[in-house]
Amino acid sequence: MSIDIATETELNTELILDAGTAAALFLEARTANSFTDEQISDETLQAVYALTRMGPTAMNIQPLRITWVRSTEAREALVINMAAGNKEKTLAAPLVALLSYNPRWHENLATTTPHMASKVASFAENSALRQTMAFDNAHLQAGYFILAARSAGLAVGPMSGFDSAGMDQEFNADSGLKSFLVVNLGRSNGRIDRARLPRLDFDAANTTV
Ligand SMILES: Cc1cc2nc3c(=O)[nH]c(=O)nc-3n(C[C@H](O)[C@H](O)[C@H](O)COP(=O)(O)O)c2cc1C
């Protein structure tokens, strides 16, 4: 038996978002491959971070680190490490964010999670656990980042097709951060390159036990 919500009207009666907001964040938003030429202000990217950081992470560790790639030199260094099919659109995007995770998140524990600050030494010894927690929680934060950027009126083009070792050599050599996602950002030019790919039905992706 399918219990899919069949229409947008049915869906909207279940949501606390107004229909326009649900459309802008989820239902109408598309992954962007090109943008208008409008430049994105520092205030806008601060707003994106202000929302992103509020999404929950395990123990509040917040391992996501964002490098906003603005200068021509930095953009070219980034594009060298992108997969062939991702180079041109990344070079043309008004703004690019390189998302990395910080495997040494325990060093901030006194700030992020003061009631667990006494555990710093034990986390320091367990790099495998730190790595897993950093990877998992930074990917969660990347999802918050995408929705935060859409909330600030930006179109978003996330890409994992790049050489992360090369990217880390270029951007993270001193910090020890690990890059995992490049996100092109700008204002929507309304261009849609292909029809929406299908999403799985409720029954295909959900089980109630
Ligand atoms: C983690 C992640 C990695 C992706 N990597 C690439 C990529 O390397 N190149 C690309 O062209 N699109 C990439 N995409 C875009 C996806 O194919 C796209 O978001 C998905 O098909 C949904 O498209 P829609 O939002 O228009 O429905 C990536 C998306 C995500 C979330």
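**Close-up 1. Make-up of the shell around the ligand in the predicted model.** Four residues of this shell are nonpolar, four are polar and five are charged. Helix 5 (84-92) supplies at least two of the shell residues, and so does strand 3 (155-159).

**Close-up 2. The nearest residues of the ligand shell.** The ligand has 13 residues around it. Arg30, Thr31, Asn86, Lys89 and Arg196 come nearest.

**Close-up 3. Polar contacts of the ligand with Lys89, Pro158 and Ser160.** At Lys89 the partner is an N or O atom of the side chain, 2.7 Å from a ligand oxygen. At Pro158 the partner is a polar backbone atom, with a nitrogen atom of the ligand 3.1 Å away. Ser160 also offers a polar backbone atom, and here the distance to a ligand nitrogen is 3.0 Å. The protein buries 63% of the 630 Å² that the ligand exposes when taken alone.

**Close-up 4. A nonpolar patch on the surface.** Leu15, Ile16, Leu17, Phe26 and Leu27 form the patch. Together these residues have about 470 Å² of accessible area.

**Close-up 5. Ile16, one of the patch residues.** Ile16 sits in the loop between helix 1 (8-14) and helix 2 (19-27). The relative accessible area of Ile16 is 88%. Ile16 therefore counts as exposed, as that value is over the 50% cut-off.

Notes:
Residues are numbered from 1 along each chain as its sequence is written. This is a predicted model: local features need pLDDT of at least 70, side-chain atom pairs count only at pLDDT 80 or more; totals for chains, interfaces and linings use all residues. Side-chain values use heavy atoms; hydrogens and water are left out. Patches are made of residues with over 30% relative accessible area and no salt bridge: like charges are joined within 9 Å, nonpolar side chains (Val, Leu, Ile, Met, Phe, Trp, Tyr) within 5 Å. Accessible areas come from the Shrake-Rupley method with a 1.4 Å probe; for residues, only the protein chains shown count as cover. A salt bridge is a side-chain nitrogen of Lys or Arg within 4 Å of a carboxyl oxygen of Asp or Glu. Helices (H or I, at least four residues) and strands (E, at least two) are DSSP runs, numbered from the N terminus. Buried means under 20% relative accessible area, exposed over 50%, partly exposed in between (1.4 Å probe, protein chains only). A residue is near a molecule or strand if one of its heavy atoms lies within 4 Å of it. A polar contact is a pair of N or O atoms within 3.5 Å; within protein, one must be able to donate a hydrogen and the other to accept it, and residues adjacent in sequence count only if both atoms are side-chain atoms. Ala, Val, Leu, Ile, Met, Phe, Trp, Tyr, Cys and Pro count as nonpolar, Asp, Glu, Lys and Arg as charged, and the others, Gly among them, as polar.
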